[in-house]
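Trainee: Could you take me through one part of this protein in detail, starting from a single helix and working outwards to whatever it packs against?

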Amino acid sequence: MAKFVFDPTQLPVTSLAGEAPVPPARLTPGGLRARFAQTLAWDPEASDEGRGLLAEKLRRAAVLVPLVERPGGVTVLLTRRTDHLSSHAGQISFPGGRAEEGDSSPIETALRETEEEIGLQRRHIEIIGVLPDYATVSAYRVTPIVALVQPPFDLQPDPGEVAEAFEVPLAFLMDGLNHQRRVIELPQGAGRRAFYTMPYEQYFIWGATAAMLRNLFHFLRAKSPT
């Protein structure tokens, strides 16, 4: 069967998530550290992407969610994949990838892949937490590793995988009014697939990356224990 390919930018916005933004105090380096140091009651958002996949068939992967400490506010470091890749070409993603046999943990996978993809050295990275695993349509179980990143640092993107690395303000991504919901009708009566998009300037963030950002959003908005 031919691979189903569509352009998400051409689909209409069906709705906005619309939740209030995360309070600014929680988006500072100190506020982020404090959040991840707590045990919070919250539920990850259900996704259509991994529906029908068997957990035991999923391959392990991990990504780094790099939160860069900038004077004007924390930003999220993202990459745009090269257009010639066989999967997810041109899409916006976190640095990361599949686990290798020598990786001791998802954290090790995320750190190794980040260094290989964009040249971000570990000495700049402070791991502060882990988000729930996310199942992708490409049959990976991805562990998002959240980290604070301390500048200055020099990036060296691998031209075979990464077209560019860029940063988006965390405050923009942590505002429900910037979370668009779109729906695609699958071919051959296979149903519908709903997904989030978070367009920012010339960058179109969607799919697994947007879904993991939604889970970060829900975690940061969760009520603190009384």
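Mentor: What follows is a close look at helix α4 and its surroundings, with a shorter look at helix α2 and at some unusual backbone positions.

Please keep in mind throughout that this is a predicted model. Helix α4 has 15 residues, and from its first C-alpha to its last it reaches 21 Å, which is close to the 21 Å expected at 1.5 Å a residue. Of those 15 residues, 14 are buried, so α4 is largely enclosed by the rest of the structure.

The nonpolar interior is where this helix contributes: the largest nonpolar core has 41 residues, and those that touch the most other members are L67, L170, M174, I205, L216 and L220. Helix α4, which covers residues 207–221, supplies the largest share of this core, with 9 residues. M174 shows how the helix is tied to other parts of the chain, since, leaving aside neighbours within four places in sequence, M174 is in contact with L213, L216, F217 and L220 as well as with P21, V22 and L27. Apart from this core lies another, of 14 residues, among them L64, A110, L111 and I118. As a general background, nonpolar side chains tend to be buried together in soluble globular proteins.

A second helix, α1 (residues 29–36), packs on α4 at an angle of about 85°, and the two axes are 10 Å apart. Because an angle from 65 to 115 degrees counts as roughly perpendicular, α1 and α4 are described as roughly perpendicular to each other. On the α1 side the meeting residues are L32, R35 and F36, while α4 brings L216, F219, L220 and R221. Sorted by class, this contact has 5 nonpolar residues, 2 charged residues and no polar ones.

F219 deserves a separate word, as a residue of helix α4 that is buried, with a relative accessible area of 7%. Beyond its neighbours within four places in sequence, F219 is in contact with R35, F36, L40, W42 and L131. Its C-alpha atom is separated by 19 Å from that of L77, a residue 142 places away along the chain.

Helix α2 offers a second example, and its 13 residues (106–118) should span 18 Å at 1.5 Å a residue, which agrees with the 18 Å between its end C-alpha atoms. Its buried residues are T109, A110, L111, R112, E113, T114, E117 and I118, and what covers them includes the strands β2, β3, β5, β6, β8 and β9. The residue that follows α2 is G119, with a positive phi near 75°.

Finally, some backbone positions call for attention, given that most residues other than glycine have a negative phi and most peptide bonds are trans. A139, in the loop between β7 and β8, has a positive phi near 70° although it is not a glycine, and at 21% relative accessibility A139 counts as partly exposed. E201, in the loop between β11 and β12, is likewise a residue other than glycine with a positive phi, about 50°, and at 63% relative accessibility E201 counts as exposed. The peptide bond from P151 to P152 is cis, with omega near 0°, and P152 is found in the loop between β8 and β9.

Methods. Residues are numbered from 1 along each chain as its sequence is written. This is a predicted model: local features need pLDDT of at least 70, side-chain atom pairs count only at pLDDT 80 or more; totals for chains, interfaces and linings use all residues. Side-chain values use heavy atoms; hydrogens and water are left out. Helices (H or I, at least four residues) and strands (E, at least two) are DSSP runs, numbered from the N terminus. The expected span of a helix is 1.5 Å times one less than its number of residues. Buried means under 20% relative accessible area, exposed over 50%, partly exposed in between (1.4 Å probe, protein chains only). Contact means heavy atoms within 4.5 Å. A nonpolar core is a set of buried Ala, Val, Leu, Ile, Met, Phe, Trp, Tyr and Cys residues joined through side-chain atoms within 4.5 Å. Axes are lines fitted to C-alpha atoms, for helices over the stretch in contact, and angles run from 0 to 180 degrees between N-to-C directions. Angles under 35 degrees count as roughly parallel, over 145 as roughly antiparallel, 65 to 115 as roughly perpendicular and the rest as oblique. Ala, Val, Leu, Ile, Met, Phe, Trp, Tyr, Cys and Pro count as nonpolar, Asp, Glu, Lys and Arg as charged, and the others, Gly among them, as polar.
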